[in-house]
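User: Hey, can you walk me through this one? I'd like to start with the overall layout and then poke at a few spots.

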Amino acid sequence: MLKQPLWFYLVLLCLPGFATATPIDFDFRDPVIESLDDRAELSLERLGITLTAIASNGVFNRTSAGFGINAEGAGDDTDNIDAGSGLVEFIDIVFDVDVSLLGFAVSGLGASDIGAYNLDGLITEFSTSGFIDLGGVYLATGKKIAVQHVDGNGFSLDSFTVQPYSAPEPPMVLLLCLGLPLLAFARSAKPWNKIRRGICRNGAGPA
Ligand SMILES: [Ca+2]
Ligand SMILES: [Ca+2]
């Protein structure tokens, strides 16, 4: 039995953020990645969404210490995104559906290390380990976000987190959010029900 009238729950459902999707986490540090690396392209499927990561040069390498690009060259840090080989490394990431980008986690950044992400040509730098918050920005199917080295000794890309993107239909949402609560309220309004019951008892009704 509901403790509140129906219109209360309908209004609650229409509040912004109430009906949000569950975040989906792609964990590059998961030991299972060990059997998938050593290749230049890596695809992971989680809850119906497929992430594809493409290495700029070399192949992916997951170790207990990090996830990055193993590039050819003596100076490369093989489980980091760096430039030890002489080439600046970056990872392109695309999805097979429209998504909202929630963010990604990086680790191993020292005092002079700088990384960045490139979204639609706009490059944003970061210099500390942790979760880089992307705020749910929209990324269309097949469009890429790149995570790249900028300066210093490099870093590990630990995970990437998204939500499936669903654009609401404004007129339908507005109709539901305004019309259904009003309808539920009208049906449960006691004065109206009393009048209606009185009409029925007296035998009167619509012609
Ligand atoms: Ca490995
Ligand atoms: Ca590297």
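**Sheets, core and loops**

Analyst: Sure. One open sheet has 6 strands in the order β2-β3-β6-β11-β8-β9, paired antiparallel. Keep in mind that this is a predicted model.

User: Which strands are the edge strands there?

Analyst: β2 and β9, each of which pairs on one side only. From one strand to the next, the twist averages 20°.

User: How many bridges do β8 and β9 have?

Analyst: They pair over 5 bridges, in the antiparallel sense. Gly115, for instance, has Phe126 in β9 as its bridge partner.

User: OK, what about the open sheet of 4 strands, what's the order?

Analyst: That sheet runs β1-β12-β7-β10, again with antiparallel pairing. Its edge strands are β1 and β10, each pairing on one side only. The twist averages 20° from one strand to the next.

User: How many bridges join β7 to β12, and how many join β7 to β10?

Analyst: β7 and β12 run antiparallel and are joined by 8 bridges. For β7 and β10, also antiparallel, the number is 7.

User: Which residues face each other across β7 and β12?

Analyst: Two examples: Gly103 has Thr161 in β12 as its bridge partner, and Ala105 stands opposite Ser159 in β12. On the β10 side, Val99 stands opposite Leu139.

User: Let's stay on Val99. Buried or exposed?

Analyst: Val99, in strand β7, counts as buried because 26 other C-beta atoms lie within 10 Å, and the cut-off for buried is 20 or more.

User: What is Val99 in contact with, leaving aside neighbours within four places in sequence?

Analyst: Ile49, Leu139, Val162, Gln163, Pro164 and Tyr165. Pro164 is 65 residues away along the chain, yet its C-alpha atom is separated from that of Val99 by 4.5 Å.

User: Switching to the nonpolar core. Which residues touch the most other members?

Analyst: Ile91, Val147 and Leu157, in the largest nonpolar core, which has 28 residues. The strands that each supply at least two residues of this core are β3 (49–55), β5 (67–70), β6 (90–95), β7 (99–107), β10 (130–139), β11 (144–151) and β12 (156–164).

User: Any general background on that?

Analyst: In soluble globular proteins, nonpolar side chains tend to be buried together.

User: And what is Val147 in contact with, again skipping neighbours within four places in sequence?

Analyst: Ile81, Phe90, Ile91, Ile93, Phe104, Gly115, Tyr117 and Leu157. That list includes Ile91 and Leu157, which are named along with Val147 as touching the most other members of the core.

User: New topic: backbone angles. What is the phi of Asp38?

Analyst: Phi of Asp38 is near 65°, a positive value in a residue that isn't glycine.

User: Where is Asp38?

Analyst: In the loop between β1 (24–27) and β2 (41–46). Asp38 is partly exposed, because it has 13 other C-beta atoms within 10 Å, while exposed needs 12 or fewer.

User: And what is the phi of Asp120?

Analyst: About 60°, also positive, and Asp120 is not a glycine either. Asp120 lies in the loop between β8 (114–119) and β9 (122–126).

User: Asp120: buried or exposed?

Analyst: Exposed, because 10 other C-beta atoms lie within 10 Å of the one in Asp120.

User: Great, that covers what I was after.

Methods. Residues numbered from 1 in each chain as written. Chains lettered and ligands numbered in written order. Predicted model: local features only at pLDDT ≥ 70, side-chain atom pairs only at ≥ 80, totals over all residues. Core = buried A, V, L, I, M, F, W, Y, C linked by C-beta atoms within 7 Å. Contact = placed C-beta atoms within 7 Å. Pairing = 2+ DSSP bridges. Axes fitted to C-alpha atoms, helices over the stretch in contact; angles between N-to-C directions.
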